[in-house]
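Let's walk through this structure together, from the meeting of its chains down to a few single residues. Have the sequence and the 3D view open as you read.

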Amino acid sequence: MKKILTLLFLLPVYACAANVALYESYQNFEEHIKDRSNKIDGLVGYFAKEVVDQALSDIKKGDAEDKVVSNLSFPHIMKNEISHFEKTAADGDVGCLTVNGYESSNSPVSFSLLYTKEQGRWLIKDMFIAMPEKVEDLPNYAQCPDEAEASF
Amino acid sequence: MELSSPELKVAVGKFISIAYSKDKGLTTQLLLSGGASITVDEQGHAKLSGKAGILVFNGSPVLENIGANIKTINISFSNEEDMKIGYTLTLNMKFGRMKVKGDFDLDEMITSCSGLLCRAAKALKFRHASYDAELKRILGN
């Protein structure tokens, strides 16, 4: 009986975790990097395995850890957010998120992120940052990084 | 350095200033001929190339100032009208890419380059606030 109760208690939690929208996942990441700890370990749970492996390999080859971490902590570029759009593939394991806003000098900036679902978690796999001249040029729908780059 | 649009636009101006201080004639010809581009690798080896030829220069001081985890930089230029030059700067970082668009007046850049800009570029000292302010003014915010 105790086992069944535990299972019933855990099921909704798992279901919620698996259905976390891309934007919510992005917000969690954004919140997490606010302390700017400059350590790669803290970012591991937010990026796809191949991105983490590449980052660790770059550090091993001599890249400064703070530069690698700063590259992965890209949300800090955006100071004021104005809109976001997301889409997921039919199989539900790949999705793209576009976040629009302004950077520190009030110039428009847009992040287009590719997410992949690994073990029930949305992880960032690729990124394209656009800095158009006018705010009207920011995308008004979800774009994957390659799409956003091609249309820039 | 913060990866912001004005700072990246200043970096475009600094690359052009170094190229211009090395070969004024070829740099002007390349930028006005349309389809020119500057490529910079991780070590700072920079190359301005186009129909009129190729100019190789040292882009390390600018690269160090950008400070991002960069693999390569590409700046493609288009001659929009008269002396107005449009550009797209692409930062290929170790993770992801970033693009910035802008334009500047080459005439204004050359006029500035006869003074403060080129002296600073020749000395490869990019920490003058007035130099950065001048580039920001020309390349736009």
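**Where chain B meets chain A**

Across the interface of chain B and chain A, the rule finds 5 salt bridges. Please keep in mind as you look at them that this is a predicted model. One salt bridge to pick out joins the side chains of Glu149(A) and Lys99(B), at 3.8 Å from N to O. The interface also holds 11 residue pairs in polar contact, with both residues at pLDDT 80 or more.

Which elements of chain B give two or more residues to the side that touches chain A? They are helix H1 (5–22), strand E5 (84–93) and strand E6 (97–105) of chain B. E6(B) provides the largest share, 7 residues. Sorted by character, the residues on this side of chain B are 8 nonpolar, 8 polar and 7 charged.

Now for the extent of the interface. The size of an interface is often given as the accessible area lost when the parts come together. Here the area buried between chain B and chain A is about 2100 Å², and carbon and sulfur atoms give 52% of it. Phe95(B), Arg97(B) and Lys99(B) supply 39% of the area that chain B buries against chain A, more than any other three residues. Counted by contacts, 23 residues of chain B touch 29 residues of chain A.

Strand E6 of chain B is worth a second look. E6(B) pairs in the parallel sense with strand E4 (residues 121–131) of chain A, over 4 bridges. Within this pairing, look for Lys99(B) in E6(B), which has Ala130(A) standing opposite. This is the Lys99(B) whose side chain meets that of Glu149(A) in a salt bridge.

From there, move to Thr88(B), whose place is in strand E5 of chain B. Is Thr88(B) buried or exposed? Thr88(B) counts as buried because its relative accessibility is 17%, below the 20% cut-off. Beyond its neighbours within four places in sequence, Thr88(B) is in contact with Phe152(A) in the other chain. Its contacts in chain B include Asn74(B), Ile75(B), Lys99(B) and Val100(B).

Finally, two loop residues of chain A deserve a glance at their backbone angles. Asn106(A), in the loop between strand E2 (94–103) and strand E3 (108–118) of chain A, has a positive phi of about 70° although it is not a glycine. Asn106(A) is exposed, with a relative accessible area of 53%. Gln119(A) lies in the loop between E3 and E4 of chain A, and its phi is also positive, near 50°. At 84% relative accessibility, Gln119(A) counts as exposed.

How values were computed
Residues numbered from 1 in each chain as written. Chains lettered and ligands numbered in written order. Heavy atoms only, no water. Contact = heavy atoms within 4.5 Å. Buried area = accessible area lost by both parts, 1.4 Å probe. Salt bridge = Lys/Arg side-chain N within 4 Å of Asp/Glu carboxyl O. Polar contact = N/O pair within 3.5 Å; in protein donor to acceptor, adjacent residues only side chain to side chain. Nonpolar A, V, L, I, M, F, W, Y, C, P; charged D, E, K, R; others polar. Pairing = 2+ DSSP bridges. Buried < 20%, exposed > 50% of the residue type's maximum accessible area, 1.4 Å probe, protein only.
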